[in-house]
Amino acid sequence: MIVSEASLRLLYDQSVASHHSSSKPIIVAVNPTVDGLCSARILCYMLRLDSCTYSLHYLNCPEKLDRLVEDSNNSTIYLLNCGTKKPIPESDNSVYCISTLRPVNLRNVHAELSSDSGVAVAVGEFATEDEVNEWLEGVPEDGDYLTDGEDTDSDSDSDSESEEEEEEDLDEGEAEADLSDEEDVENPAKRARIEEGEEGANTTPASPNPQDDGEDNGEAKEEEEEEEEEPKLKPSQISKQRITQIQSYYSSGLSHGPPSSYVLFRLACGSRFDASRDLLWYAMVGVSAQHNAGLLDDLGYQHLHGILEVHRGKLFPLAPSRDPNNVLLSSDGLTQISTSAEGHILRDESIRSLLLTNWNLWDSLFYSQYIGSKLECHLSRGENKLKELLAKMGYPLSSAKQPYSFMSVNSRRNLKSLLQRHSTDYGLEDVLLYEFKRVTGYNSVVSDSDVAHAVQGLIDHNKDYAEAYDALNCRKGEEGTGGNVVNSGAVKSGISLGIQLAKQSRVAVINAGSSMIEKQEIVTYKHFRFAYIHASSSSANGQGARDENTAPTPQSKDAILSSPMVVNQLGRWLVDLHLSSGKWTGRKAKPLIILSENPSKRTYTASAFNCLESVANNRFSSRFEMAAKQVGGKREEVWEDWCWEIENDKVQGFVQQLHLILEQ
């Protein structure tokens with residue numbers, strides 16, 4: 001069932017009380033994304049303060065969730081960023097799901113919830129139960145007549161097969177619905193009254209006999225009352241009506257709600273927990289991660305950022321520059337930072353670049369999602385535009401390509417104002433964006449966006465979710481190194497290692513995408529586009545020889561581009577680039593499929609990216625999944641349906657099969 005934010009607080013208190021009475025550990029299962037790990041950080045903090053024992057599980061695919069629920073017995077399970085899109089198995093466990101993925105599966109919406117078992121799904125959009133009930137009015141109800149098995153009418157026999165086919169398509173996420181008869185099915189009583197009124201307008205006047213007139217009026221009233229009663233629909237009509245409603249519900253398209261870390265932060269603030277600086281920071285990183293991944297637009301980011309700024313102002317009412325024990329805090333490293341300010345959170349307007357303080361100005365702008373795509377820096381003319389922009393700002397290439405910390409003080413101080421002054425000449429209207437920064441040690445400040453990129457880099461490369469989970473503390477390297485993220489030289493682990501891995505991922509993504517575009521390696525079919533990324537090749541789709549028996553090193557290009565989340569970055573970059581240039585819009589807007597080779601497994605990772613409206617995305621994802629299953633594909637370690645693993649000798653058949661399915 002769907003619960004509001006207020007009900008989620010009561011359910012949390014209930015789970016804590018149940019734990020203390022049974023002494024069974026609470027199970028926290030998290031989808032290992034940046035937002036999911038931030039959510040787990042917040043929830044585990046709350047459980048520790050409530051003296052609850054818990055076990056943390058990383059679930060990167062639905063199959064692991066099924067096994068976890070089946071193996072548990074009378075337990076409390078929290079699902080973070082997983083479990084909404086797929087039906088949660090029935091069990092004697094109390095399952096509480098907090099996820100951003102929409103739409104919520106209808107089985108989970110109408111699941112039963114009792115004091116000792118059931119399923120509850122919390123969505124961040126609803127603060128009260130009244131809002132939940134208002135939303136449920138437009139959701140298809142749970143009940144009978146999901147099939148047409150009991151209909152005895154002769155007309156229904158001829159329609160049963162077609163209705164069953166529609167329902168099978170519905171299970172696959174079919175977005176197409178036939179609404180031609182919707183008006184007739186929707187309100188037959190109203191249509192009957194209108195027809196009756198038209199007939200009454202042509203009838204003869206009533207009899208002058210008063211007695212007859214009274215009898216006629218009584219009979220007319222009885223007939224009118226009978227007409228006002230809504231006639232019972234046949235089971236076949238009810239089935240068709242429900243199929244249409246369910247198709248309409250799922251055809252709204254895949255979307256994402258508020259980040260789970262933000263929802264849990266509000267839960268902590270509204271309960272008996274104080275909004276500590278650590279919980280606030282986890283929520284900030286989670287929101288920034290969703291924005292970096294393109295799952296939260298600029299308006300949504302600014303809205304949530306403003307709410308978090310209110311909480312930051314309560315924790316840190318005085319700016320550090322006004323505190324006599326501290327000096328000015330800034331991310332540009334212009335002034336020293338007192339160690340007594342460690343953990344302090346700042347708000348600053350920053351350039352929409354990539355890891356600027358941990359890279360150099362040129363690469364940070366060249367590889368950024370916003371500036372690099374807008375200027376088309378992968379092309380020679382776009383690179384010349386960037387050089388021209390820096391020249392107008394007064395930054396020579398030699399200065400722009402040296403580490404940011406080595407730039408002169410005046411260059412760093414005037415960077416934002418100069419870029420904002422000249423950016424409009426190149427179509428960069430929103431070049432600045434507010435973000436949060438945290439003091440991590442002496443003369444060390446790190447932004448929430450940089451931490452999100454670093455943690456994502458650890459997830460993509462090392463698959464060590466525990467290390468990524470620990471890195472959210474913003475500690476650099478080994479324990480006890482002082483937590484200086486910026487100036488420490490070693491990159492053995494932690495945020496510094498994640499930053500280096502994030503750089504490698506971004507360089508590999510832009511180089512592979514640039515090669516695809518330059519060599520025109522993106523093939524266009526009637527219904528979709530696709531491109532291959534072969535391992536150990538000189539380019540994205542090059543023909544270089546490769547040794548299939550040699551596995552790539554953990555940091556090699558082959559290993560980077562075989563990661564599903566890195567391929568997701570490549571797909572997003574290609575789509576955003578062509579959408580901003582207007583090349584993949586209108587009739588030319590077709591889904592994109594990237595097939596990336598993983599030589600260690602002798603498979604290809606097939607990933608799909610949408611260039612159409614959300615309704616078409618839902619339809620394509622179902623066909624994409626169908627084609628993958630027909631060639632024996634396996635779901636990759638992600639919760640979404642856009643990524644599948646196909647064997648090397650079946651990848652070409654997969655493309656052909658998908659084309660045939662879309663042709664039907």
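This passage describes the overall make-up of a predicted model, followed by its helix packing, its salt bridges and a few individual residues.

The chain comprises 26 helices and 17 strands, and of its 664 residues 51% count as buried. When contacts between residues at least 6 apart in sequence are considered, 69% of them join residues at least 24 apart.

Helix α22, spanning residues 494–518, contains 25 residues and extends 36 Å from its first C-alpha to its last, which is close to the 36 Å expected at 1.5 Å a residue. This helix is mostly covered, with 19 of its 25 residues buried. Just after α22, the residue Q520 adopts a positive phi of about 55°.

Two packed helices are described by the angle between their axes and the distance between the axes. For helix α12 (residues 277–292) and helix α13, the axes come within 10 Å and cross at roughly 170°. Because angles over 145 degrees count as roughly antiparallel, α12 and α13 are roughly antiparallel to each other. On the α12 side the contact involves R277, L280, A283, M284, V287, S288 and H291, which meet D298, Y301, L304, L308, H311, R312 and L315 of α13. Sorted by class, the contact of α12 with α13 consists of eight nonpolar, three polar and three charged residues.

Y301, a residue of helix α13, has a relative accessibility of 3% and therefore counts as buried. Although Y301 and H291 are ten residues apart along the chain, their C-alpha atoms are separated by 6.5 Å. Leaving aside residues up to four places away in sequence, Y301 touches V287, S288 and H291, together with L296, L433, Y434, E435 and D448. Of these, V287, S288 and H291 belong to the α12 side of the helix contact.

Side chains of opposite charge can pair when their charged atoms come close. In the model the count comes to 17 salt bridges. One of these lies within α13, where E309 forms a salt bridge with R312, the closest N and O atoms being 2.8 Å apart. E309 and R312 are three residues apart in helix α13 (residues 298–315), so about one helical turn separates them. Both E309 and R312 are buried. Elsewhere, D348, K416, E435 and K437 are joined into one network by salt bridges that share partners. E435 of this network is also among the residues touched by Y301.

A second group of charged side chains is centred in this account on E5, which is buried, with a relative accessible area of 11%. R9 forms a salt bridge with E5, and the closest N and O atoms of the pair are 2.8 Å apart. Both residues lie in helix α1 (residues 5–22), four residues apart, or about one turn of the helix. R9 has a relative accessibility of 22% and so counts as partly exposed. The side chain of E5 also meets that of R266 in a salt bridge, with an N to O distance of 3.1 Å. This pair links distant parts of the chain, as E5 lies in helix α1 and R266 in helix α11 (residues 260–270), 261 residues apart. R266 counts as partly exposed because its relative accessibility is 29%, a value between the limits of 20% for buried and 50% for exposed residues.

Among the strand residues, S607 is found in β15 (residues 603–609), and its relative accessibility of 0% places it in the buried class. Not counting residues up to four places away in sequence, S607 touches V567, L592, I593, I594, F624, W642 and C643.

Positive phi values also occur at two loop residues other than glycine, S51 and L355. Phi of S51 is near 60°, and this residue sits in the loop between α2 (34–49) and β3 (54–58). Phi of L355 is near 50°, and its place is in the loop between β9 (345–351) and α14 (361–366). The two residues fall into opposite accessibility classes, since S51 is exposed, with a relative accessible area of 57%, whereas L355 is buried, with a relative accessible area of 1%.

Technical notes. Residues are numbered from 1 along each chain as its sequence is written. This is a predicted model: local features need pLDDT of at least 70, side-chain atom pairs count only at pLDDT 80 or more; totals for chains, interfaces and linings use all residues. Side-chain values use heavy atoms; hydrogens and water are left out. A salt bridge is a side-chain nitrogen of Lys or Arg within 4 Å of a carboxyl oxygen of Asp or Glu. Helices (H or I, at least four residues) and strands (E, at least two) are DSSP runs, numbered from the N terminus. Buried means under 20% relative accessible area, exposed over 50%, partly exposed in between (1.4 Å probe, protein chains only). The expected span of a helix is 1.5 Å times one less than its number of residues. Axes are lines fitted to C-alpha atoms, for helices over the stretch in contact, and angles run from 0 to 180 degrees between N-to-C directions. Angles under 35 degrees count as roughly parallel, over 145 as roughly antiparallel, 65 to 115 as roughly perpendicular and the rest as oblique. Contact means heavy atoms within 4.5 Å. Ala, Val, Leu, Ile, Met, Phe, Trp, Tyr, Cys and Pro count as nonpolar, Asp, Glu, Lys and Arg as charged, and the others, Gly among them, as polar.
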